[in-house]
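Grab a viewer and a notepad: here are some worked exercises to go through at your own pace. Try each task before you read its solution.

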Amino acid sequence: MFQLGKTIVSEDILEKEFVCNLSACKGACCVDGDAGAPLNEAETKILEEIYPKVKPFLRKEGIEAIEAQGAWVKGTDGDLETPLIDNKDCAYVIFDGKTALCGIEQAYNQGIVDWKKPVSCHLYPIRVKDFTEFAAVNYDRWDICDDACSLGKELEVPVYKFVKEALIRRFGEDWYLELEKVAQELKNS
């Protein structure tokens, strides 16, 4: 672990390799698990605002879940998250054949909304836990991502490079440049 500004960062994000392999996992991270995608307060407002524009991209079951539960929910632990369909799929999940995709991201890709998706989804496999004085930035190892780890190793892409855009979105360009310096120092040592 090392400190970078107001973050404590796991060296795993520099040392482990990862590239999403949707053809292998079929987007399992969007449909497996026991909670929706983590959200921050600002994202709950965004979801409420963009829902009418995203709605045409969603499945019937997702629309029903959102209209019954809301655009976001408080999970059992009190954290803010996306609603689920029958405690399984994220309500914003759509399918291309058997592959789970994000309906919000599809609307973004078509220029309908200007918000890609929750930053926690964009950052995966990195998870950020905010504390009063700092944020913990950790690599979340999940067996459904074994193929992504294998592909990352084959392509030699460290986690932090795979999620570069999301890290900049969350922490800023300067933070990311400093992270790259730490990664280079670690590589040279």
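The exercises below concern a predicted model, and they go from domains to single residues and then to a pocket.

**Exercise 1. Find the domains of the protein chain and say how far apart their C-alpha centres lie.**

Step 1: Start with the assignment. Domain 1 is made of 1-18 + 131-188, while domain 2 covers 25-124.

Step 2: Take the C-alpha centres. Those of domain 1 and domain 2 are 24 Å apart.

Step 3: Look at the contacts between the two. On the domain 1 side 12 residues take part, and they touch 14 residues of domain 2.

**Exercise 2. Work out whether Thr-7 is buried or exposed, and list its polar partners.**

Step 1: Place the residue. Thr-7 sits in strand β2, which spans residues 7-9.

Step 2: Check the accessibility. Thr-7 has a relative accessible area of 3%, so it is buried, the cut-off being under 20%.

Step 3: Follow the side chain. It reaches the backbone oxygen of Leu-4 at 2.5 Å, and a polar contact of 3.0 Å links it with the side chain of Trp-175.

Step 4: Add the other contacts. Once neighbours within four places in sequence are set aside, Thr-7 touches Phe-2, Ala-135, Val-137, Phe-171 and Trp-175.

**Exercise 3. For Tyr-139 and Ala-148, find the secondary structure element, the burial and the contacts.**

Step 1: Tyr-139 belongs to strand β10, residues 135-139. Its relative accessibility is 12%, so Tyr-139 counts as buried.

Step 2: Beyond four places in sequence, the contacts of Tyr-139 include Ser-10, Asp-12, Ile-13, Pro-125 and Cys-149. Leu-123 is 16 residues away from Tyr-139 in sequence, with a C-alpha to C-alpha distance of 9.9 Å.

Step 3: Ala-148 is part of helix α7, residues 146-155. With a relative accessible area of 5%, Ala-148 is buried.

Step 4: Not counting residues up to four places away, Ala-148 touches Glu-17, Phe-18, Val-19, Cys-20 and Asn-21. The C-alpha atoms of Ala-148 and Asn-21 are separated by 5.1 Å, though their positions lie 127 residues apart along the chain.

**Exercise 4. Which backbone angles stand out at Pro-125, Asp-86 and Asn-87?**

Step 1: Try omega. The peptide bond from Tyr-124 to Pro-125 is cis, with omega near 25 degrees. Pro-125 is in the loop between α6 (119-123) and β9 (126-130).

Step 2: Now phi. Asp-86 isn't a glycine, yet its phi is positive, about 50 degrees. Asn-87, also a residue other than glycine, has a positive phi near 60 degrees.

Step 3: Locate the pair. Asp-86 lies in the loop between β5 (84-85) and β6 (89-90), and Asn-87 is found in the loop between β5 and β6.

Step 4: Check exposure, for which the cut-off is over 50%. Asp-86 comes out at 67% and is therefore exposed; Asn-87, at 65%, is exposed as well.

**Exercise 5. Describe the second largest pocket: its volume, and the helices that line it.**

Step 1: The volume of the second largest pocket is about 260 Å³.

Step 2: At least two lining residues come from each of α1 (12-15), α8 (159-162) and α10 (173-188). The largest share is that of α10, with 5 residues.

Step 3: Sort the lining by class. There are 6 charged, 5 nonpolar and 1 polar residues. Among the lining residues are Glu-15, Glu-156, Tyr-160, Lys-161, Gln-184 and Lys-187.

Note on methods: Residues numbered from 1 in each chain as written. Predicted model: local features only at pLDDT ≥ 70, side-chain atom pairs only at ≥ 80, totals over all residues. Heavy atoms only, no water. 1 Å grid on protein atoms, 1.4 Å probe; cavity = no way out; pocket = protein on both sides within 12 Å on 5 of 7 lines; lining within 4 Å. Points joined across faces, edges and corners; volume = space filled by probe spheres on them. Helix = DSSP H or I, 4+ residues; strand = E, 2+ residues; numbered from the N terminus. Nonpolar A, V, L, I, M, F, W, Y, C, P; charged D, E, K, R; others polar. Buried < 20%, exposed > 50% of the residue type's maximum accessible area, 1.4 Å probe, protein only. Polar contact = N/O pair within 3.5 Å; in protein donor to acceptor, adjacent residues only side chain to side chain. Contact = heavy atoms within 4.5 Å. Domains from an automatic or database assignment.
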